[in-house]
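Trainee: Could you take me through one part of this protein in detail? I'd like to look closely at an aromatic cluster and the helices around it.

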Amino acid sequence: MKLSTKIIIALIVGLVVGLVLNLTAPDLFQHLNTYLFTPLGKIFLNLINMLVVPIVFFSIVLGTAGLGDPKKLGRIGVKTISYFLITTCIAIIIGIALAYVFEPGHAGDFDTENASFEAKEAPPVSETLLNIIPKNPVQAFVEGNMLQIITFSIFVGFALTMLGEKTKGLLKIVEQGNEVMMYLVNVIMKFAPYGAFGLIASAVGSQGIDAVKAMGLYMFVVLLALVVHMLFTYGSSIYILAKRNPFTFFKDFSPAMSVAFSTSSSNATLPVSMNVAQTKLKVPEHISSFVQPLGATINMDGTAIMQGVATIFIAQAYGLDLTFTQLVTVVLTAVLASIGTAGVPGVGLIMLAMVLKSVNLPVEGIALIIGIDRLLDMARTAVNITGDAACAVIVTETEKKHAAKEMTA
């Protein structure tokens, strides 16, 4: 049986077990959650997270060194960031549009008077951009600051390229380090079905059916927007820009999507998504190594969809109307926030707080959706990493065309 099939079966079984125990034996669920579900999920997450920082360093260094020509690095960088920004704009517009169609904020009586939420302050976008160059690379590695690690790794890869034969031995060590990390990914993935089972059973059992019922229409709108964005935005871009079959793309990338769904973390899924992109989607290592770690840090289409739907939901629940100018502000703020809050814990809710403040909506409204945010986080993470892979595939195909033109010129 394929690993992706095992993970999907584990997710389904975990979903059923979590719901059944929550409805019929909540005390038994608490014991199993403490001594079985949570430990299984935590062990798997820790194993994957253990590899994230070294994989990002090795892969970005190799990716930059593999590109060789600085012009090529700049060209791929522009393509990558442009794709991320454009798809994030499309994502939040889809979320806003569907929220206006289905009006989830008018679906019930929500306790807006007693809602309270303390939003953490996110750093300004300008500060984040200034801080992408680490003062101390070792500290960046210890703290897991992905933007700083990526920046440092790009500099190292560029230096290896420029020095050529002088650093051939060091480049070989980096290549071997990357091979070790990828081998460990394959080993850890054997535990993935058990980890996925524990994570989904814990998440679903803890939330309960009551929370799902109360916020049913809101959840439906978010999930519908995620599906629409994945199929139409990513699917059409794969078909038009990369000239590939989008259904084959989704099928081949499904193992990584399953892991993202269970872990709710783009960074934790990064080792798996890169491995799948390189082996199944045939993305060259130097492109995958550059595009996907960057995407895991700044590309948050799934989160942008949640922000769009949640903003309109909270406005409707409080009986407030947003002007067209305010809606444009929501889109622009969400796109900037996706970069400005990169690497910040609880990034989704921090970004949402920034968006709400930008149009003077009550931040306390986040309390209305926080109960089921964990469940939706699983789905939007799967969308986030799919966007990273789609970008890597498109960059691959466009670079092939560029190389062919240079050959004929």
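Mentor: Let's fix one term before we start: a residue is buried under 20% relative accessible area, exposed over 50% and partly exposed in between, using a 1.4 Å probe and protein chains only. What you're looking at is a predicted model, where local features need pLDDT of at least 70 and side-chain atom pairs count only at pLDDT 80 or more, while totals for chains, interfaces and linings use all residues. Numbering runs from 1 along each chain as its sequence is written, and side-chain values use heavy atoms, with hydrogens and water left out.

Now the setting. The protein chain has 16 helices and 0 strands; both are DSSP runs numbered from the N terminus, with helices being H or I of at least four residues and strands E of at least two. Of its 409 residues, 52% count as buried.

On to the rings. Phe, Tyr and Trp rings (the six-membered one for Trp) pair if their centres lie within 6.5 Å; planes under 30 degrees apart are stacked, over 60 edge-to-face, and the rest tilted. The structure holds 12 such aromatic pairs. One of them is F57 with F152: the centres sit 6.3 Å apart and the planes meet at 20 degrees, so this pair is stacked. F57 belongs to helix α2 (residues 26–67) and F152 to helix α6, so the pair ties together parts 95 residues apart in sequence. F57 is buried, at 18% relative accessible area, whereas F152 is partly exposed at 28%.

F152 also pairs with F141: here the centres are 6.1 Å apart and the planes are at 85 degrees, so the pair is edge-to-face. F141 lies in helix α5 (residues 137–143) and F152 in α6, so this link joins parts 11 residues apart in sequence. F141 itself is partly exposed, with a relative accessible area of 25%. Add F58, and you have the cluster: F57, F58, F141 and F152.

What about α6 itself? It covers residues 146–163, and its 18 residues should span 26 Å at 1.5 Å a residue; the end C-alpha atoms are 26 Å apart, which agrees. (The expected span is 1.5 Å times one less than the number of residues.) Its buried residues include M146, L147, I149, I150 and L160. After α6 comes G164, with a positive phi near 55 degrees.
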